[in-house]
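Me: I would like to go through the terms used for this model one by one, and to see for each how the value stands against its definition.

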Amino acid sequence: ADAVSVGQRCEIVMGQRRGEVKYVGKVPELAPGYWVGIQLDEPTGDSDGKVKGKKYFEVNGGTKFGVFIRPGDARFGEFPPLDDFDELEDEI
(Lines give C-alpha, C1' and ligand atoms only; values in the text may rest on other atoms or scores of the structure.)
Protein backbone atom coordinates (compact mmCIF):
# COMPACT_ATOMS: atom_id res chain seq x y z
CA ALA A 1 0.00 0.00 0.00
CA ASP A 2 2.98 2.33 0.55
CA ALA A 3 3.78 2.32 -3.17
CA VAL A 4 0.20 3.22 -4.17
CA SER A 5 -0.98 6.83 -4.28
CA VAL A 6 -4.13 8.71 -5.18
CA GLY A 7 -4.15 9.72 -8.84
CA GLN A 8 -2.22 6.71 -10.13
CA ARG A 9 -3.63 4.74 -13.03
CA CYS A 10 -4.03 1.01 -12.59
CA GLU A 11 -5.24 -2.22 -14.12
CA ILE A 12 -7.04 -4.75 -11.95
CA VAL A 13 -5.46 -8.16 -12.44
CA MET A 14 -8.72 -10.12 -12.63
CA GLY A 15 -10.88 -8.84 -15.47
CA GLN A 16 -8.30 -6.35 -16.73
CA ARG A 17 -10.47 -3.41 -15.74
CA ARG A 18 -8.72 -0.04 -15.66
CA GLY A 19 -9.18 3.06 -13.59
CA GLU A 20 -7.70 5.70 -11.31
CA VAL A 21 -6.82 5.36 -7.63
CA LYS A 22 -9.08 7.58 -5.53
CA TYR A 23 -8.43 6.22 -2.03
CA VAL A 24 -5.70 4.29 -0.22
CA GLY A 25 -6.17 3.30 3.41
CA LYS A 26 -8.10 1.22 5.87
CA VAL A 27 -11.79 0.42 5.43
CA PRO A 28 -12.90 -1.14 8.74
CA GLU A 29 -16.35 -1.89 7.31
CA LEU A 30 -14.76 -4.38 4.87
CA ALA A 31 -11.89 -6.13 6.68
CA PRO A 32 -8.61 -5.35 8.46
CA GLY A 33 -5.70 -4.13 6.36
CA TYR A 34 -5.29 -1.68 3.52
CA TRP A 35 -7.66 -1.15 0.62
CA VAL A 36 -7.49 0.77 -2.64
CA GLY A 37 -10.57 2.60 -3.90
CA ILE A 38 -10.62 2.86 -7.68
CA GLN A 39 -12.81 4.83 -10.02
CA LEU A 40 -13.19 2.56 -13.04
CA ASP A 41 -13.21 3.72 -16.64
CA GLU A 42 -16.27 1.57 -17.37
CA PRO A 43 -19.36 0.91 -15.18
CA THR A 44 -18.25 -2.57 -14.11
CA GLY A 45 -17.79 -1.98 -10.38
CA ASP A 46 -19.93 -2.63 -7.35
CA SER A 47 -19.50 0.64 -5.46
CA ASP A 48 -20.07 4.36 -5.55
CA GLY A 49 -17.12 5.10 -3.26
CA LYS A 50 -19.13 4.30 -0.12
CA VAL A 51 -19.08 1.32 2.21
CA LYS A 52 -22.08 0.85 4.50
CA GLY A 53 -23.00 4.51 4.06
CA LYS A 54 -19.53 5.93 4.80
CA LYS A 55 -18.01 7.82 1.86
CA TYR A 56 -14.36 7.07 1.10
CA PHE A 57 -14.04 8.68 -2.33
CA GLU A 58 -16.07 10.57 -4.92
CA VAL A 59 -17.16 8.65 -8.02
CA ASN A 60 -18.02 10.40 -11.26
CA GLY A 61 -20.44 8.62 -13.53
CA GLY A 62 -22.67 6.60 -11.22
CA THR A 63 -22.93 3.80 -8.74
CA LYS A 64 -21.12 1.13 -10.80
CA PHE A 65 -17.91 3.09 -11.42
CA GLY A 66 -16.23 2.34 -8.08
CA VAL A 67 -14.54 -0.67 -6.57
CA PHE A 68 -12.44 -1.48 -3.49
CA ILE A 69 -9.59 -3.95 -3.91
CA ARG A 70 -6.48 -5.06 -2.06
CA PRO A 71 -3.25 -3.38 -3.24
CA GLY A 72 -1.89 -6.69 -4.56
CA ASP A 73 -4.88 -7.18 -6.85
CA ALA A 74 -3.80 -4.51 -9.36
CA ARG A 75 -0.81 -3.27 -11.31
CA PHE A 76 -0.06 0.44 -11.03
CA GLY A 77 1.54 2.60 -13.72
CA GLU A 78 0.76 3.79 -17.24
CA PHE A 79 -2.59 2.24 -18.05
CA PRO A 80 -4.54 4.63 -20.29
CA PRO A 81 -8.28 4.09 -20.70
CA LEU A 82 -9.04 1.31 -23.15
CA ASP A 83 -10.54 2.38 -26.47
CA ASP A 84 -12.81 -0.28 -27.96
CA PHE A 85 -12.53 1.36 -31.38
CA ASP A 86 -8.73 0.81 -31.48
CA GLU A 87 -9.31 -2.95 -31.47
CA LEU A 88 -11.82 -2.68 -34.31
CA GLU A 89 -9.31 -0.86 -36.53
CA ASP A 90 -6.84 -3.73 -36.14
CA GLU A 91 -9.43 -6.16 -37.48
CA ILE A 92 -10.21 -4.18 -40.64
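The exchange below takes up burial, contacts, salt bridges, the sheet, the cores and the backbone in turn.

Reply: This is a predicted model, in which local features need pLDDT of at least 70 and side-chain atom pairs count only at pLDDT 80 or more, whereas totals for chains, interfaces and linings use all residues. Residues are numbered from 1 along each chain as its sequence is written, and side-chain values use heavy atoms, with hydrogens and water left out.

Me: Why is Arg18 called buried or exposed?

Reply: Arg18 has a relative accessible area of 18%, and buried means under 20%, exposed over 50% and partly exposed in between, with a 1.4 Å probe and protein chains only; Arg18 is therefore buried. This residue lies in strand β2, residues 18–27, where a strand is a DSSP run (E) of at least two residues, numbered from the N terminus.

Me: What makes the approach of Arg18 to Glu11 a polar contact?

Reply: A polar contact is a pair of N or O atoms within 3.5 Å; within protein, one must be able to donate a hydrogen and the other to accept it, and residues adjacent in sequence count only if both atoms are side-chain atoms. The side chains of Arg18 and Glu11 make such a contact at 3.1 Å, and the side chain of Arg18 also reaches the backbone oxygen of Pro80 at 2.7 Å. Contact in the wider sense means heavy atoms within 4.5 Å, and beyond its neighbours within four places in sequence Arg18 has such contacts with residues including Leu40, Asp41, Phe79 and Leu82.

Me: How do you know that Arg18 and Glu11 meet in a salt bridge?

Reply: The term requires a side-chain nitrogen of Lys or Arg within 4 Å of a carboxyl oxygen of Asp or Glu, and the N to O distance between the side chains of Arg18 and Glu11 is 3.1 Å, so the pair qualifies. Glu11, with a relative accessible area of 7%, is buried, as is Arg18.

Me: What makes Glu11, Arg18 and Arg75 a network?

Reply: Glu11 also forms a salt bridge with Arg75, the closest N and O atoms being 2.3 Å apart. Arg75 lies in strand β7 and Glu11 in strand β1, so this pair ties together parts that are 64 residues apart in sequence. With Arg18 joined to Glu11 as well, the three residues are linked in a network of salt bridges. Arg75 is partly exposed, at 39% relative accessible area. The whole structure holds five salt bridges, one of which joins Lys55 and Glu58 at 2.6 Å between the closest N and O atoms; Lys55 is partly exposed at 48%, and Glu58 is partly exposed at 48%.

Me: How do you know that β3 and β6 pair, and in which sense?

Reply: Two strands pair if DSSP finds at least two bridges between them; β3 and β6 have four, in the antiparallel sense, so they satisfy the criterion. Ile38 stands opposite Val67 in β6. Likewise, β1 and β2 pair in the antiparallel sense over three bridges, and the bridge partner of Arg9 in β2 is Glu20. An open sheet of five strands results, in the order β6-β3-β2-β1-β7 with antiparallel pairing.

Me: What makes β6 and β7 edge strands?

Reply: Each of them pairs on one side only. Both faces of β6 are nevertheless covered, with Gly66 and Phe68 buried on one side and Val67 and Ile69 buried on the other.

Me: Why is the set that includes Val36 called a nonpolar core?

Reply: A nonpolar core is a set of buried Ala, Val, Leu, Ile, Met, Phe, Trp, Tyr and Cys residues joined through side-chain atoms within 4.5 Å. The largest one has 10 residues, among them Val4, Val21, Val36, Ile38 and Val67. Strands β1, β3 and β6 each supply at least two of its residues, and the largest share, three residues, comes from β3. Apart from it lies another core of nine residues, including Tyr23, Trp35, Phe57 and Val59.

Me: What makes the phi of Lys52 worth a remark?

Reply: Most residues other than glycine have a negative phi. Lys52, which is not a glycine, has a positive phi near 50 degrees; this residue is found in the loop between β4 and β5 and is exposed, with a relative accessible area of 73%. Gln16, in the loop between β1 and β2, likewise has a positive phi of about 50 degrees without being a glycine.
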